[in-house]
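Please look over the nonpolar cores, one arginine and one surface patch in this protein. A short report follows the display.

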Amino acid sequence: MLRQYELVERVLAYAPDADEAMLNRAYVYTVQKHGSQKRASGDPYFSHPVEVAGLMTELKLDIETIITALLHDTVEDTLATVDEIEKLFGPAVARLVDGVTKLSKIEAMTEKERAAENLRKFLLAMSEDLRVLLVKLADRLHNMRTLHFIKSEDKRRRIAKETMEIYAPLAERVGMYEYMREMQLLAFQQLEPEAYETITARLSQIRETDGGQVDEIALAISQTLTSMGVKCQVWGREKHPYSIWRKMAERHVSFDSITDIMAFRVLVENVEDCYRAIGLLHTTWQMIPGRFKDYISTPKSNGYKSLHTSLIYENSMRMEVQIRTWDMHETNEYGLAAHWSYKQGGVAPDGQVGWLRDLIEVIDDSHDAEELLENTKMAIYQDRIFAFTPKGALHQLPKGATPIDFAYAVHTDLGSMAVGAKINGRHVPMRTALGNGDVVEIIKNRSASPQLAWLGFAVTGKARAAIRRAVRAKERSEIAAIGADLFDELVERLPTKVGKKARGEAVKRLGFKTEEEMLVAIGSAKLDDAAVMEAVLPGSAKTLAETDQWPKQERAISIKGLTPGLAFHLAECCHPVPGDRIVGVKKPGVGVEVHSISCDVLASGQDSDWLDLSWGARTTGAIGRVRCVLYNRPGTLAEVTGIFASTKANIVSLKMASRDELFGTYEVDLDVADLAHLTRIVSSLRASGSVAQAERL
């Protein structure tokens, strides 16, 4: 453990003007506050924040970050408060400490909800000041280094899994590869202990057999480049066990099939030398096709720059080589932290980098704990591809991303208005996966809106969160609209006329904060008719019930302009279409389910539970279901689908219900305009010589 004077000396070595007195005061404060608390290792608890502060000094971070590291557990684990820290160390340190502090004292939460809320709080604090992330990563790294002292295997695995899924990817996204690699290795050791032991044993065996082969290859690379006038420094290393295991899992191969277990790093003086070096290596040793990557011309989203290639050395041995400048190396290894160092002038980077801005949108739009954790992992833990707008603007997306993800990456408004897409000039379905280097053009319509079906293929957290937000807003608006119609209809059925203020009075009596909340509750059938009537005119529901003269509905409620599946649901038992006489059945928490008046399912219901509904003038569009019995001979199905095309009916689904030697029975769902359209389709089918029988279901 670092002693007090050692920590101070480390800070003063790179920041001679730092406030030594405040640093000493923070060291003493954390020792006093943690007092006799012990860690699982048996060490004094304050050894942990001191070691975290030591990690921060290795990155040459500013005095506020060092003090935050010293104090980061005091609010959570001692009687210290944020207000007390603000008085002693200033508002900046207090804000940072609060950002790192977990919500462990909130009891009325499940474990998953607490984890999600902790993550939400941390990410929001990180968006305001990225030093929160640096302290948190150092905190997690030191905890992982001492994880083996925890006796509970379940707890070790839970912490290791969280590290692998959240913190190691976060370290990668801000370019702190040293932290990322060590966290992955330590988590891998806990999550896959047998695989870890097997791979480390094989690496030791190779080390003993091959002796100094890594040094030999590094020397050969260095001599090759130096002889051609490229000043460089080269060193090699074995890939760590987790990297090898992941490669084995991805390729579904054994350890013996992984030939490129050695990696070499070449540091040169400038960018020109990077490209000279890659050319010399490719002419000296055979390059493996498809393994060259240029992250200098196209850096990763975290700022990582380097040239990567794989070469075949003597005896068919494969080796991976990374070429970069010294400046690139410092940024690549320490990423975001490099921007905070004193030698950079202490200038803090922008509080929100692009991917983090997207992450904050995800946080704001996530509806519950499960959704937040899912979207966060999507946002930070996926391999990337590069795609371009028609004007050449570059956007990085996760593998498997589709045009809808691309649209939302460009701008949320573009995603919301998207109706189609072109990839490399060709029209494609919106669910098409993008490839590296694709040029994507989004076709938009200002009157369009996000579709719930997009969630089936959108993969980025930003896109999914925005789609959910838009669908929820539209759903709420439409449910409120149908709720308003239901409310007005109920008011008309009251025995006494009421004024315009009745709606506002009803809101108060029912205990809602806003009128919209009440209308949504009515539209989603969370309030029955009697409760609404009683709120509008106290005593009316009781009087009507006693006289047994409950008034019937006086007018049909129009569903024109509302979206099926949001404000109301079209029943699948009868598939009503515009033109059918329809009624609604209220289902608490779901809303109104629309049935055809002739639906058999309604026979089991009570008349008083039905709502008289109407489609409204010029309402179009619904799904109609048709059953066709076709003669079992070649070409009949083709003729029937031709009939659908000629009558301008789009097939939504088609399935074979039964088949024998003479006939095949099919059930077909069709997009139809109205009842007249569906009737014409059935008539056309009955007129066909290929159709033995046709009827609407």
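The report below moves from the cores to the arginine and then to the surface.

This is a predicted model: local features need pLDDT of at least 70, side-chain atom pairs count only at pLDDT 80 or more, and totals for chains, interfaces and linings use all residues. Residues are numbered from 1 along each chain as its sequence is written, and side-chain values use heavy atoms, without hydrogens or water.

A nonpolar core is a set of buried Ala, Val, Leu, Ile, Met, Phe, Trp, Tyr and Cys residues joined through side-chain atoms within 4.5 Å. Buried means under 20% relative accessible area, exposed over 50%, partly exposed in between (1.4 Å probe, protein chains only). The largest core has 54 residues; Met56 and Leu137 are among those touching the most other members. Helix H9 (residues 131-145; helices and strands are DSSP runs of at least four and at least two residues) gives the most to this core, seven residues. Apart from it lies another core, of 46 residues, including Val268 and Met317.

Arg324 lies in strand E6 (residues 318-325). Arg324 counts as buried because its relative accessibility is 0%. Its side chain makes these polar contacts (N or O atoms within 3.5 Å, one able to donate a hydrogen and the other to accept it; residues adjacent in sequence count only if both atoms are side-chain atoms):

| Side-chain pair | Distance |
|---|---|
| Arg324 and Ser306 | 3.5 Å |
| Arg324 and Gln322 | 2.9 Å |

On the surface, Leu654 lies in strand E18 (residues 650-659). Leu654 is partly exposed, because its relative accessible area is 35%.
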